[in-house]
Amino acid sequence: MVAATPTPRTAPDAVPTRPARESAAPATGELPADAVADVIVVGGGGGGLPAALYSRWLGNEVLLLEKAPELGGTAKKAAFWYWVPNNVPMRALGLVDEEPDFLRYVARLARPTSYDPASPTLGLSQWEYDMCRAIYESASPAAELLAEKGALEYRHCPDVVDYWSELPEDKAPTGRVLVPRGARDTMSDGGAVGVASMAAAAERDGVDIRVSHRVQRLVLADGAVVGVEATTADGRTRRFGARKAVVFATGGFTHDLDLRRNFLHTPVYGGCAALTNEGDFLAIAGPVGAQLRNMNYAWMCPVPLERAVSRDPALSGMFSVAGDSTIFVDKTGRRVVNEKLQYNELAQKFFSYDGANGEYPYLVLVQIWDQRSQDHSASDEYGRQIVPPGTDDSHVIRGDTLEALADAVADRLSRYAQLTGGLTLDPGFVPTLRQSIARFNGFAERGVDEDFHRGEKPVQLLFNGPVKDEPGRANPTMWPMSSSGPYYASLITGGTLDTKGGPRTNTDAQVLDDTGTPITGLYGVGNCVASPSAQAYWAGGATLGPIIAFAYRAAQAADREPVRESHQLTPSAS
Ligand SMILES: Cc1cc2nc3c(=O)[nH]c(=O)nc-3n(C[C@H](O)[C@H](O)[C@H](O)COP(=O)(O)OP(=O)(O)OC[C@H]3O[C@@H](n4cnc5c(N)ncnc54)[C@H](O)[C@@H]3O)c2cc1C
C-alpha cells in the first residue's frame, strides 16, 4: 500500500484542526513526497468517498486527504437521498425510465428558457447535454457497485416523486430515489449512515485516509498534475505524489463570503454546507487555467436566519415546512408565497428584488403558527422550525396575542438590523396580518389556496410533514389558524445547501482548461466543479445521484491514465 504512516482518522482534541489557507500557486520544485499513491482523492464527503472506493476497487493505491478532523463533509448532514435514473429496483418493478425521456425532463428544468424538444441537445449546451447523458448512463452502475461491495447498501423509495412530477416531460415521476439501507424511515440520519458505511469500506479495503490535511496547491511536472501539497493542523507542509491522477471533491464555496458575493446571484447569509467548504478548489485550479461554469447557481433551501448568521455548524435546510395552520408573511404582514413549495423553489422567493424601492422585501420572512401546529407538527428533523419541547428552541418567538407576537418579532429583528438594512415590521403589520390570516383561513376551509395554490402538487404533499389527522379534508396542507393565542414565529431566509459552480469537467470528470482541453492528471467531482443542472433541482437526491455517477466515471478514467514516474514523487526516507 501507500508509503508512510497515516495520521489517525480523528485528530486529538488538543490539536488545532483547521489549517489556514495559503497561496495556491502550483509547486514545481523538487521536494520528496511524504507518500505516493496511484490516485489522490481530495475531500472525504459525498464525492470523495465513492471516488476513493471506486479507484481502490480498480486496483489502485489510493490516498484520501480531508481538511476537516473527520470524514463526511456536507454529505454527513444530508438525508442522503440519491437520485438514480433507470435504477435496478425501478426496472424490477416495471417502471420505465428511458434515456430520451430523462433528458427531456432534466433539460426542461435546467434551462427553461432555451428548452427545445426538437433541438439535438434539447436546448442545452453540448456540454450540459453530454453531462446529463453521463448521469443517466452511470448513476445506476455506480449505485449498484457501492451496494455490491457492501459500501452503501440501499433501500428503494418507489413512491417518492420527482420535484416536478406533474410535468409532461416526466415520464418516470416516481421511483428514482434510493436511500442508505440502514437509515431511519424519516431518512434524517441518511448522511451519517451513508458516510459511516462508505468510510468503513474505505478502511476495510485499504484506502489511506488522512484527516486534517488541507490541500493548498497542485504539484506540476511537465505540464501534468503529479501531486498536491497540503498543510496539517500544526502548520507543516506535506507533499503527496500521484502516479496517475488527483481527484478533487472539496465541495462548494458556501463559506467564503467574498466568493459568494462575487459569484452567486443571491444575497444569501450563509448555508448548511460543511464549514470547511470554502471554495479551495477555485483558488487551486485557477493557476492552471481551469475554465469556470455555473458559478451563479446553488442548491438552495430556506434556512433559519439566526442559525445562518451565526454559522451554526449544525444548520440544516428547511426541507419540509411542517404544519397546516402556519403561514409565511413579510414585514407588512402580507402572506407572500406558497409555503409548501419544494425547498429550492421556495428559497427563490427571498431573493425577489424590488427595483422601485431598491430593496429585497422578502429577504427575511416570518413564519407564524398557532398552538395546533405546535402540538401536532413539532419535529426536530429536517431543519423544522416547529420543534418539540426539550429541543433547542432559541429561534422560536412567542406571544399570547398577535400584538404581543409582533412586538417580540420586532424586538428579535432589531438584533439583526445591521445585517438586514434595518429591517423592522411596518406600523400596520398586525392589522394586515389579521387580514392575511382571515384570507388564509377561508382558503383552508375550502381546501383551495386561491393565492398560491398550496398543496396542489404531489411534491407539496410529500414535504407536508406531520399534521393533525383530519379525516376527509380536501387539502392536508392547510387548516385555519386559531383566533386566539398563543402564537409562535421564527425568522426565515434563503440559504445554500452548497454552491454548484466551479471548473468545467468533461464526462470523464477531467478538469478542462480555457481551450476545453483536459488538464493532465486533474479531475473533479461534486460541488467543487460545475454542475450541468444549471438552475434546476430536479428531485430529492439530485445532487448525490449525479455526484456518485461522476465519481464512478472519474475513477475509471483515472485508472486508464499512464503511470507518471517523476523525481518529485519519490517518497522521503523518513
Ligand atoms: C442538511 C442537508 C441535507 C442534504 N440532503 C441531501 C439529500 O438527501 N440528497 C442529496 O442529493 N443531497 C443532499 N444534500 C446535499 C449534499 O450533501 C451535497 O450536495 C454533497 O454532500 C456534496 O458532495 P461533495 O463531495 O461535493 O461535498 P461535501 O460532501 O461537502 O464534501 C467535501 C469535503 O471536502 C473537504 N475539503 C474542502 N476543502 C478541502 C481541501 N482544501 N483539502 C482537503 N479537503 C477539503 C471538506 O472538508 C468536505 O469534507 C444535503 C445537504 C444538506 C446540508
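## A guided tour, stop by stop

Start by selecting proline 486, which sits in the loop between α13 (458-462) and β15 (487-499). Keep in mind along the way that this is a predicted model. Now add glycine 485 to your selection: the peptide bond joining glycine 485 to proline 486 is cis, with omega at about 5°. Most peptide bonds are trans, and most residues other than glycine have a negative phi.

That second point leads to the next stop. Select serine 212, in the loop between β6 (208-210) and β7 (213-221). What is the sign of phi here, in a residue other than glycine? Serine 212 has a positive phi, near 55°.

Next, show two helices together: α3, residues 99-110, and α4, residues 126-148. Their axes are 10 Å apart, and the helices pack at an angle of about 130°. An angle of that kind makes α3 oblique to α4. Turn the view until one helix lies in front of the other, and look at the handedness: the crossing of α3 past α4 is right-handed.

Keep α4 on screen and bring in α14 (544-560), since each of these helices supplies at least two residues to the lining of the largest cavity. How many residues does α14 give to that lining? With 3 residues, α14 gives the most. The cavity itself has a volume of about 170 Å³. To find its centre, select Gly526, Ser531, Pro532, Ile547 and Phe550, which are the closest to it of the 19 lining residues. Try colouring the lining by class: you should get 12 nonpolar residues, 7 polar ones and no charged ones. In total, the structure holds 6 cavities of 30 Å³ or more.

The last stop is the second largest pocket, with a volume of about 540 Å³. Select Pro267, Val268, Tyr269, Leu363 and Leu419: of the 29 residues in the lining, these are the closest to the pocket's centre. Then highlight α6 (257-263) and α8 (305-309), the elements that give two or more residues to this lining.

Which domains each contribute at least three residues to the lining of this pocket? They are domain 1 (21-78 + 191-297 + 500-569) and domain 3 (301-496), so try giving each one its own colour. Finally, colour the pocket lining by class, as you did for the cavity. This time the residues divide into 16 nonpolar, 6 polar and 7 charged.

Note on methods: Residues numbered from 1 in each chain as written. Predicted model: local features only at pLDDT ≥ 70, side-chain atom pairs only at ≥ 80, totals over all residues. Heavy atoms only, no water. 1 Å grid on protein atoms, 1.4 Å probe; cavity = no way out; pocket = protein on both sides within 12 Å on 5 of 7 lines; lining within 4 Å. Points joined across faces, edges and corners; volume = space filled by probe spheres on them. Helix = DSSP H or I, 4+ residues; strand = E, 2+ residues; numbered from the N terminus. Nonpolar A, V, L, I, M, F, W, Y, C, P; charged D, E, K, R; others polar. Axes fitted to C-alpha atoms, helices over the stretch in contact; angles between N-to-C directions. Parallel < 35°, antiparallel > 145°, perpendicular 65-115°, else oblique. Left-handed = near helix turned anticlockwise from the far one by under 90°.
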